[in-house]
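Colleague: I am new to this structure and should be grateful for a close look at a single part of it. Please take me through that part step by step.

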Amino acid sequence: MPPITTGSDSRPVRPGCAKGGATTQTNQGSSVFLNFHNDIVRDASGRYDLASPDFLVLSCLRADHEGVAATYYADARDISRALGPATLETLRSPRFRMNAPGSYVRDVAGGVDVLSDPAPMIAGPEHSPEPSAAANGVHPLDDAARSALDRLQGVCRAVAHEVFLRPGGVLLVNNRKGLHARSRFTARYDGRDRWLQRAYVRRTQWDIRHRTTPGACAGLH
């Protein structure tokens, strides 16, 4: 299988420990609630859901010092059932632009936002909805879209399941069918802070074959 680019960092397993940026909406954050999101990948097509992983594997190497950091998961079906028809209609309209992941904005774009084409935040059939929300920022295109985004985040908090990861624990997250978040915690930057490793899983790479790294297929037939 040829390597596939995932943004600024193509390692198959990525560290998720806090090393700074405590107030950012990224995996480096700690002192703020990391809003409900799924992991997206910036793509030149303008669609940031195209190359997203189907699943995340979060492996806990260390918990935070106080053991208070929680991971939350909100199933898209529960989210949709809790939203009103008007809000759901707005969220299913292309009235939002997703910002590229924090690592891409920081390491590749020089700190400048890199926005997707206008897209809905919920797609897929009614019985199996697929949400899309960038951790690093969702830009609503009008007031109704902004209100729907706020309502979405509130509903996620209401329906979410809470998990406290401990060393040796692993959490499998369905990245296509739900949104996840993380509570705030205190990082001490003493080498013993919360440390997660994250792996991406996809069922197929056929629809992202354009992301194959240059020269990876040389000699393949």
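Which strands does helix H4 lie across, and at about what angle does H4 run to S2?

Modeller: The model is a predicted one. In it, helix H4, formed by residues 143-159, lies across S2, S4, S9 and S11, and its direction is at about 90 degrees to that of S2.

It is helpful to begin with the sheet. These four strands form an open sheet in the order S2-S11-S4-S9, and their pairing is antiparallel. At the edges stand strand S2 (34-37) and strand S9 (161-163), each of which pairs on one side only. From one strand to the next, the twist averages 20 degrees. In general terms, the strands of a sheet pair through backbone hydrogen bonds, in either a parallel or an antiparallel sense.

Strand S4 may be followed through its two pairings. With strand S11 (residues 178-182), strand S4 (residues 71-75) pairs in the antiparallel sense over five bridges. Within this pairing, threonine 71 has arginine 182 as its bridge partner, and aspartate 75 stands opposite glycine 178. With S9, strand S4 pairs over three bridges, again in the antiparallel sense; here the bridge partner of tyrosine 72 is glutamate 162.

S4 is mostly covered, with five of its five residues buried. Thr71, Tyr73 and Asp75 point one way from the strand, whereas Tyr72 and Ala74 point the other way.

We may now return to the helix. Aspartate 142 caps the N-terminal end of H4, placing a side-chain oxygen 3.1 Å from the backbone nitrogen of alanine 144. As for length, the 17 residues of H4 should span 24 Å at 1.5 Å a residue, and this agrees with the 25 Å between its end C-alpha atoms.

The buried residues of H4 are Ala145, Ala148, Leu149, Leu152, Gln153, Val155 and Cys156. Viewed down the axis of H4, these buried residues fall within an arc of 165 degrees, and they therefore line one face of the helix. The general principle is that an α-helix has 3.6 residues a turn, so residues three or four places apart point the same way. On the face of H4 turned away from the buried side are the exposed residues Asp143, Asp150, Arg157 and Ala158.

To draw the parts together: H4 lies across the strands of the open sheet, with its buried residues along one face and exposed residues on the face turned away from them.

Notes
Residues numbered from 1 in each chain as written. Predicted model: local features only at pLDDT ≥ 70, side-chain atom pairs only at ≥ 80, totals over all residues. Heavy atoms only, no water. Pairing = 2+ DSSP bridges. Axes fitted to C-alpha atoms, helices over the stretch in contact; angles between N-to-C directions. Contact = heavy atoms within 4.5 Å. Expected span 1.5 Å × (residues − 1). Buried < 20%, exposed > 50% of the residue type's maximum accessible area, 1.4 Å probe, protein only. Arc of directions from axis to C-beta. Polar contact = N/O pair within 3.5 Å; in protein donor to acceptor, adjacent residues only side chain to side chain.
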